[in-house]
Amino acid sequence: MKSIKVGLLGIGTVGSGTFNVLKRNQEEIARRAGRGIEITMVAARNTARATELTRGEVKVVNDGNLVVNDPEIDIVVELIGGYDTARDLVLKAIANGKHVVTANKALIATHGNEIFKAAQEKGVMVAFEAAVAGGIPIIKALREGLTANRIQWVAGIINGTTNFILSEMRDKGLDFDVVLKEAQRLGYAEADPTFDIEGVDAAHKLTIMASIAFGIPVQFDKAHVEGITKLQASDITYAEKLGYRIKLLGITRQTEKGIELRVHPTLIPASRLIANVEGAMNAVVVRGDAVGEALYYGKGAGSEPTASAVIADLVDITRLATADPEHHVPSLAFQLNAMADTPVLPMSEVVTSYYLRIRVADQAGVLADVTRILADSTISIDAMLQKEPGEGEQQTDIIMLTHQTQEKNIEAAIAKIEALSTVVGKVTKIRLEELS
Ligand SMILES: NC(=O)C1=CN([C@@H]2O[C@H](COP(=O)(O)OP(=O)(O)OC[C@H]3O[C@@H](n4cnc5c(N)ncnc54)[C@H](O)[C@@H]3O)[C@@H](O)[C@H]2O)C=CC1
Ligand SMILES: N[C@@H](CC=O)C(=O)O
Ligand code: NA
C-alpha cells in the first residue's frame, strides 16, 4: 500500500523530534500502522536550518500554504504554535480534505469548536494528543480507554515548566528567573513563557480535557486561571510543615450545579502520589465512577516525548484513513451532535478548602478576632500554625487550613479579616484539595 504523506508546518522543538523519531522507528511504525508514514514536505521560517535538520531528504518551503494546498499531502501536522496563522492553515488543510495533527493546545482550547465542526463537515480527523500532557496518552485514555465511565473529576500537573520551577526552587533554593531560563533552554517553555507561569498553558490543556471528560464544547474563556508568580517561598515552607506540597494544578469536576474549570496553585497532601511529581514531569489523576482513580504519569514536555504523541496520532489516522467518516473516533470523545450544555461554574461558586496566611501584629486577642470572623462565616478550621516572632519582631504569621466552604464565603471572610487593625496587608489564600 502507498505510504501516507505528511506535511509538517514548523520544525522547532517538537517538529524536529517528530522528524527524527519517525525516521528512526519507521519500520516498526509501519508494521503498526499497516503502511509507511513519511514526512515529504516541511514549511519553515528558516529554510536552511530546516534543510539541515531534515538532512536534505524532504522538500522544504517557506510558506505553509504550499503544504496545505499540496494534493500529495494526506496529513498536515501543525507545530507552529500560536493562534492566527495556525488556525488559518489548519482550516485550509481541512477544507482541502486533509487530516490534521496538532500539538497546539492554545489553538484547540480557543478555536477547537470551529475546527472540529469544519473537520466533521469535510469527513476528516483532527488529532491533538501532544497538546495535553505531551507524551502521556491522556487524550486517548479519556476519549477511548475510559469511555465506559461517568467521569467525576480530572486533576493534573499539566505544565512542565511551572512544575520544574517549583521543584528546583524548593530543592535547590534557586531563583525563579534562573529556573525559568533553564526551562526555556531545555525546550519546555512556550514561545511566550508567561503562558506557562501565569497558568494559561495549563488552562488550555484543562479546557481540552474537560470537553473530552464531560462532553461539553471547549470554553477556555470560562476557565479560572492563576499561575505561580505570586507564590512565596514561605508558603511552600509552611505547607510542608503542615504535611502538604504546593503544585500548580488544573482541576475540572462535575458538580450538581455545573462544571468546575480552574487552574491555580494548590496544596495537596504530601502522601499523595501526585504531590511527589517533580521536575518537568506531568501527572493526571482521573476519577471515573467505574474505574475509580487512575493516575497517568510521564513527560509532559520536550522534543521526543511530545513527538511520541504526535506520531501516535499519525498512526491512529493512518489506520482509520480509509474508514467511513462515521467510523472515525470523535475528536472530543462525544459525538458533536450529542454535546451537553452543562454550565461552567463561576469561581465564586466553587467549594474547596483553603490555606490562609495572615500577617498580624504580635498582640493579644488577634487570633481570637480572626477565629471569630471565620466562625461567624461558618468556616471551620482544620489546622493552625502560629510562627513565633523572631527576636525584636513586631509581626508574625498565622497559618490556617480551613474545611470546605464556597469561594465567595471565604472571600467575604478574608475582607473582614483584612479590615482588622491588627492584620497587616493582604491575606494569602491558596486552595487545598485532598483529591479523594
Ligand atoms: N515544546 C514542548 O515541549 C511542547 C510544545 N507543544 C506545542 O507544540 C507547538 C510547537 O512548539 P515548539 O516546537 O516547542 O515551538 P518552537 O518555537 O520550537 O517551534 C515552532 C517552529 O515553527 C516555526 N514557525 C513559526 N511560524 C511559522 C510559519 N508561519 N510557517 C512555518 N514555520 C513557522 C518557528 O520558526 C519554529 O521553528 C506549540 O503549539 C506548543 O505549544 C506541545 C507540547 C509540548
Ligand atoms: N510549555 C509546556 C510545554 C508542553 O505542553 C509545558 O511546560 O508543559
Ligand atoms: Na498527551
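In which sense do S9 and strand S10 (residues 259-269) pair, and over how many bridges? The two strands, S9 and S10, pair in the antiparallel sense over 11 bridges, where strands count as paired if DSSP finds at least two bridges between them, and where strands (E, at least two residues) and helices (H or I, at least four residues) are DSSP runs numbered from the N terminus. The model is predicted, so that local features need pLDDT of at least 70 and side-chain atom pairs count only at pLDDT 80 or more, whereas totals for chains, interfaces and linings use all residues. Residues are numbered from 1 along each chain as its sequence is written, and chains are lettered from A and ligands numbered from 1 in the order in which they are written.

Within the pairing of S9 with S10, Leu 248 stands opposite Pro 265 in S10. The two strands form a hairpin with 4 residues between them, and Gly 258 in the turn has a positive phi of about 160°. Strand S7 (residues 151-157) also pairs with S9 in the antiparallel sense, over 4 bridges, with Gly 156 opposite Gly 250 in S9. Because 11 of the 11 residues of S9 (residues 244-254) are buried, this strand is largely enclosed by the rest of the structure; a residue is buried if 20 or more other C-beta atoms, placed from the backbone, lie within 10 Å of its own. Tyr 244, Ile 246, Leu 248, Gly 250, Thr 252 and Gln 254 point one way from S9, while Arg 245, Lys 247, Leu 249, Ile 251 and Arg 253 point the other way.

An open sheet of 6 strands has the order S3-S2-S1-S4-S5-S6, with parallel pairing. Its edge strands, S3 (59-61) and S6 (126-127), each pair on one side only. Strand S4 (residues 75-78) is joined to strand S5 (residues 99-102) by 4 bridges, and Val 76 stands opposite Val 100 in S5.

Helix H6 (residues 105-122) and helix H11 (residues 200-214) pack at an angle of about 55°, with their axes 8 Å apart; axes are lines fitted to C-alpha atoms, for helices over the stretch in contact, and angles run from 0 to 180 degrees between N-to-C directions. The two helices, H6 and H11, are therefore oblique to each other, as angles under 35 degrees count as roughly parallel, over 145 as roughly antiparallel, 65 to 115 as roughly perpendicular and the rest as oblique. Lys 105, Ala 106, Ile 108 and Ala 109 in H6 meet Asp 201, His 204, Lys 205, Thr 207 and Ile 208 in H11, contact requiring C-beta atoms, placed from the backbone, within 7 Å.

Definitions and conventions. Buried ≥ 20, exposed ≤ 12 C-beta atoms within 10 Å, placed from the backbone. Contact = placed C-beta atoms within 7 Å.
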